[in-house]
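Here's a quick walk through one model, taking in its pockets, its salt bridges and a few backbone oddities. Have the structure open as you read.

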Amino acid sequence: MKLSLAILREELPEFDKQFHEAVKSQVPLLNRIMRFIVNRKGKQLRPMFVLLSAKLCGPVNDTTYRAASLVELLHSATLVHDDVVDESLERRGFFSTYALWKSKVSVLVGDYLLAKGMLLSLDHDDYRILKLLSNAIRAMSEGELLQMEKSRTLNFEEATYFEIIKGKTASLLASACASGAWSTTQDEVITEKMRLFGEKVGMAFQIKDDLFDYGNEAVGKPTGNDIREKKLTLPLIYTLQNTDSATRRKLIYIIKNQNKDPQKVQEVINVVKQTGGISYTEKKMFSFRDEALSILHEFDNVEIRNGLEELVRYTTDRKY
């Protein structure tokens, strides 16, 4: 991400300053937790997509920084809530908020982050950007709930998988790119084009995450974790649809009844690899990536375009 970071060498420090300001509270406990969250906010991919999408169309302004802060606030809130739902003790190799402060505090912290994000926009009349991000939060909740519903039955199609990841992951990145574009253009056509660009990148990003479940890299979650949680992702969906009925029944039985047994989970992973589930999924991922790049190349700003292209390729080439 060297090019992207170089392009944003002035904007990222300013974003950091404004984001720190945005999460301040009058409550000492809340401030302590906010410092903990801010210090572990990862690679800042989503704010970078906001800033670069804005720069693609014009000079970054105060509205852009507020949009980037709103995206990061909402993303942080969903991570805090996700850790409560999943009872996850780790986040990016550190203790999660849930591990340190348990459910009640974590839920309230997530709610606080959501409220701070909304007020940041409302206080400055950023209604269009707030609408874009509110739509993303709704889609994320719907995507997660749809996945929970379908995981119980272990019976859904490829189209349903794409519907789930479009909601739970791609919607936020789509809104990030759209809000960046809106902040410097106030042009609905360009905003929608960048929203679609972000959606395609988000689809590729989530598919890459799902592929990690079948790999050998240390990526912050154990291999086979999705299988243990009975989540049907694209490699497994493809395998179930392209194997004989006896193998299909066996795989479903393992996922339903033996999903905590490491040897049985590895057996499922091996069948997925042998059936071609990994290569098929990679093709789909690269297809979404190329659709995103095709949209991006409709823009003329070569330097910023190259920075965004580097980020897009990072989502599919990353090792964690």
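First, what counts as a pocket here: on a 1 Å grid over the protein atoms alone, a pocket is an open set of points with protein on both sides within 12 Å along at least five of seven lines, a cavity is a set where a 1.4 Å probe fits but cannot get out, and lining residues have an atom within 4 Å of a point. Points are joined across faces, edges and corners, and the volume is the space filled by probe spheres set on them.

A word on the source: this is a predicted model, so local features need pLDDT of at least 70 and side-chain atom pairs count only at pLDDT 80 or more, while totals for chains, interfaces and linings use all residues. Residues are numbered from 1 along each chain as its sequence is written, and side-chain values use heavy atoms, with hydrogens and water left out.

**Pocket and cavity**

The second largest pocket holds about 230 Å³ of space. Its lining runs to 15 residues, and those nearest the centre are Leu132, Asn135, Ala136, Ser175 and Arg195. Two or more lining residues come from each of α7, α8 and α9 (helices are DSSP runs of H or I with at least four residues, strands are E runs of at least two, and both are numbered from the N terminus). Helix α7 is the top contributor, with six residues. By class, this lining splits into four nonpolar, four polar and seven charged residues. For that split, Ala, Val, Leu, Ile, Met, Phe, Trp, Tyr, Cys and Pro are nonpolar, Asp, Glu, Lys and Arg are charged, and the others, Gly among them, are polar.

What about closed spaces? The count is two cavities of 30 Å³ or more. The second largest cavity has about 50 Å³ of space, and its walls are made by Leu45, Arg46, Phe49, Thr169, Leu173, Phe205 and Thr315. Both α4 (45–57) and α8 (158–185) supply at least two of these lining residues, with α4 giving the most, three. Here the classes come out as four nonpolar, two polar and one charged.

**Salt bridges**

Side chains of opposite charge can pair when their charged atoms come close. The rule used here asks for a side-chain nitrogen of Lys or Arg within 4 Å of a carboxyl oxygen of Asp or Glu. The structure has 17 such salt bridges, including these:

| Pair | N to O distance |
|---|---|
| Glu21 and Lys24 | 3.4 Å |
| Glu188 and Arg128 | 2.9 Å |
| Arg289 and Asp290 | 3.1 Å |

Which parts of the chain does the pair of Glu188 and Arg128 tie together? Glu188 sits in helix α9 (residues 188–212) and Arg128 in helix α7, so the bridge joins parts that are 60 residues apart in sequence.

How open are these side chains? The scale is relative accessible area with a 1.4 Å probe and protein chains only: buried is under 20%, exposed is over 50%, and partly exposed lies in between. Glu188 is partly exposed at 41%, and so is Arg128 at 25%. Lys24 is partly exposed too, at 49%. In the remaining pair of the table, Arg289 is buried at 14%, while Asp290 is partly exposed at 38%.

There's also a network of salt bridges, which links Glu192, Arg195 and Glu199. Arg195 turns up again among the residues nearest the centre of the second largest pocket.

**Surface patch and backbone**

Patches are built from residues with over 30% relative accessible area and no salt bridge, joining like charges within 9 Å and nonpolar side chains (Val, Leu, Ile, Met, Phe, Trp, Tyr) within 5 Å. Met118, Leu119, Leu122 and Tyr127 make up a nonpolar one, with about 390 Å² of accessible area together; areas are from the Shrake-Rupley method with a 1.4 Å probe, and for residues only the protein chains shown count as cover. Helix α6 provides the largest share, three residues, and Tyr127 belongs to α7.

Asp125 is not a glycine, yet its phi is positive at about 60°. You'll find Asp125 in the loop between α6 (97–122) and α7 (127–153). Lys230, another residue other than glycine, has a positive phi near 60°. Lys230 is in the loop between α10 (225–228) and α11 (234–241), and is partly exposed at 30%.

Last stop: Asp209 lies in helix α9 and is partly exposed at 25%. The C-alpha atoms of Asp209 and Thr233 are 10.0 Å apart, with their positions 24 residues apart along the chain.
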